[in-house]
Amino acid sequence: MTTDASPGTSLTALRAARLRAQGLASPFGSPSEAIEHLVCVQAQDLAAAKWVLGARLADASEAAIDAAIEDRRVVRSWPMRGTLHFVDPAMLRPILRIAAPRARLRSAKLERDEGLDAHVLATAREVAIGLLSGGRSATRDELQAAWSAVGISTDGQRGYHLIWVLATEGLLCNGPVETRARQRFVLLDEWSPASSSEPGDDEALARLFTGYARGHGPVTVRDFAWWTGLTLTQARAAAAEAGATVQPWGDDHFVAVDAPTPTAAPDGDHVLAPFDEYFLGYGDRTAYCSPDDALRVVPGKNGLFLPILVRDGEVVGTWRRSPERRAGTTVTLDPFRAGTDLEGFAPALERWAEFWSVRLAGVEAAAAG
């Protein structure tokens, strides 16, 4: 059983409000509309992140997500929490200014241990600019090979961390889609040029909190601190800066001031991706998933999140797909409770299969035990 998020907060209303805020109860019209509304969506797994957006669109396809990336209406980079996200292009640089310093502070020991000093970073920047300028792009292997050619080792974590550092500085981002699960790297200023209308730091902090409350609400200040990787002090300042754009909901939650009030209980069956914002986007997940069930979503607490089944706003199981064969793809549903009716997930699974242009060969329940 799940528990309430806080005393005095209606669990039913909370779930209904979050389903609507996230676009799961009322889908968006396009990938860019979804990202503008949600601001950031975790996207360390590119293929999974495509379905995070697809599950929130009225008419979804992988091609539509890829087109939004290619048209630069959705950008994928490392704006916050040290993790890849799809992000609203207008907010990427402002978020980096706010969140990157703390992320870099947490990585300082790694940089020292790996010998990534100022000279190495300066050389890596110079090489990346030379390789990518003029609208060119490169794979991760090509970028690392260019660094190796000038004597910068990319062994172990060094290669990935160099890319991450240059992305948090606003030099690099992910650009053209190369495969279902991989993009090429580009210079951010060429791929998505800065706008003269970008907000200053205080306004950006306010917009970030407002966007979080709009796309995830009801939320707490602690939820926001988790989501962004900022300190509680920064999170409280963000809530204060947001001012009249948010309003209290229950004891300690906030929603956007223009958030519609759900008029019905949460309903609907959703087949969501690993790392989906509905599960991952909150510091406190007990409103929709008990601590015991959460361990089944993240087995062994190893940082790898399984795809989830959501019914009426509650996480009720996980699922997996088989490798695609000539007959199609089989999906296995693994509910947390025996006797869970699985037929209700059929429409969501059909939407998922249509999104990926695969044939759904069958749906089965996981073996007991």
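How many nonpolar, polar and charged residues does the lining of the largest pocket have? The legends below begin with that view of the predicted model.

**Figure 1. Lining of the largest pocket in the predicted model.** The lining of the largest pocket comprises 11 nonpolar, 5 polar and 3 charged residues. The volume of this pocket is about 320 Å³. Its lining consists of 19 residues, and those nearest the centre of the pocket are A17, R20, A21, A259 and P260. Two or more lining residues are given by each of helix 1 (11-21), helix 11, strand 6 (246-249) and strand 7 (253-256). Helix 1 supplies the largest share, with 4 residues. Rolling a probe the size of a water molecule over the atoms shows where empty space is left.

**Figure 2. Helix 1 and the residue that follows it.** The buried residues of helix 1 are L14, R15, A16, A17, R18, L19 and A21. Of these, A17 and A21 are also among the residues nearest the centre of the largest pocket. An α-helix has 3.6 residues a turn, so residues three or four places apart point the same way. After helix 1 comes G23, with a positive phi near 85°.

**Figure 3. Surroundings of G215 in helix 11.** G215 is located in helix 11, which spans residues 201-216. G215 counts as buried because its relative accessibility is 0%, below the cut-off of 20%. Apart from neighbours within four places in sequence, the contacts of G215 are A21, Q22, H37 and L38. The C-alpha atom of G215 is 8.5 Å from that of A256, a residue 41 places away along the chain.

**Figure 4. The cis peptide bond between G217 and P218.** Omega is near 5° for the peptide bond from G217 to P218, which is cis. P218 belongs to the loop between helix 11 and helix 12 (221-228). Most residues other than glycine have a negative phi, and most peptide bonds are trans.

**Figure 5. R81 and S357, two loop residues with positive phi.** R81 is not a glycine, yet its phi is positive at about 60°. R81 occupies the loop between strand 2 (75-80) and strand 3 (83-87). With a relative accessibility of 14%, R81 counts as buried. S357, also a residue other than glycine, has a positive phi near 55°. The loop that holds S357 runs between helix 16 (346-356) and strand 12 (360-365). S357 counts as exposed because its relative accessibility is 66%, above the cut-off of 50%.

**Figure 6. The largest nonpolar core and a second, separate core.** The largest nonpolar core contains 90 residues, of which F86, I95, F224, F279, V297, V315 and W352 touch the most other members. A second core, separate from this one, has 25 residues, including W78, I163, L166 and L187. Within the view of the largest core, I95 is in contact with V39, C40, P79, M80, V87, A100 and L208, its neighbours within four places in sequence being left aside.

**Figure 7. Confidence along the chain, with residues 1-8 in view.** The protein chain has a mean pLDDT of 93, and 97% of its residues reach 70 or more. Over residues 1-8, pLDDT stays under 50. For this stretch the model has 26 contacts beyond four places in sequence.

Technical notes. Residues numbered from 1 in each chain as written. Predicted model: local features only at pLDDT ≥ 70, side-chain atom pairs only at ≥ 80, totals over all residues. Heavy atoms only, no water. Buried < 20%, exposed > 50% of the residue type's maximum accessible area, 1.4 Å probe, protein only. Contact = heavy atoms within 4.5 Å. 1 Å grid on protein atoms, 1.4 Å probe; cavity = no way out; pocket = protein on both sides within 12 Å on 5 of 7 lines; lining within 4 Å. Points joined across faces, edges and corners; volume = space filled by probe spheres on them. Nonpolar A, V, L, I, M, F, W, Y, C, P; charged D, E, K, R; others polar. Core = buried A, V, L, I, M, F, W, Y, C linked by side-chain atoms within 4.5 Å. pLDDT = per-residue confidence, 0-100.
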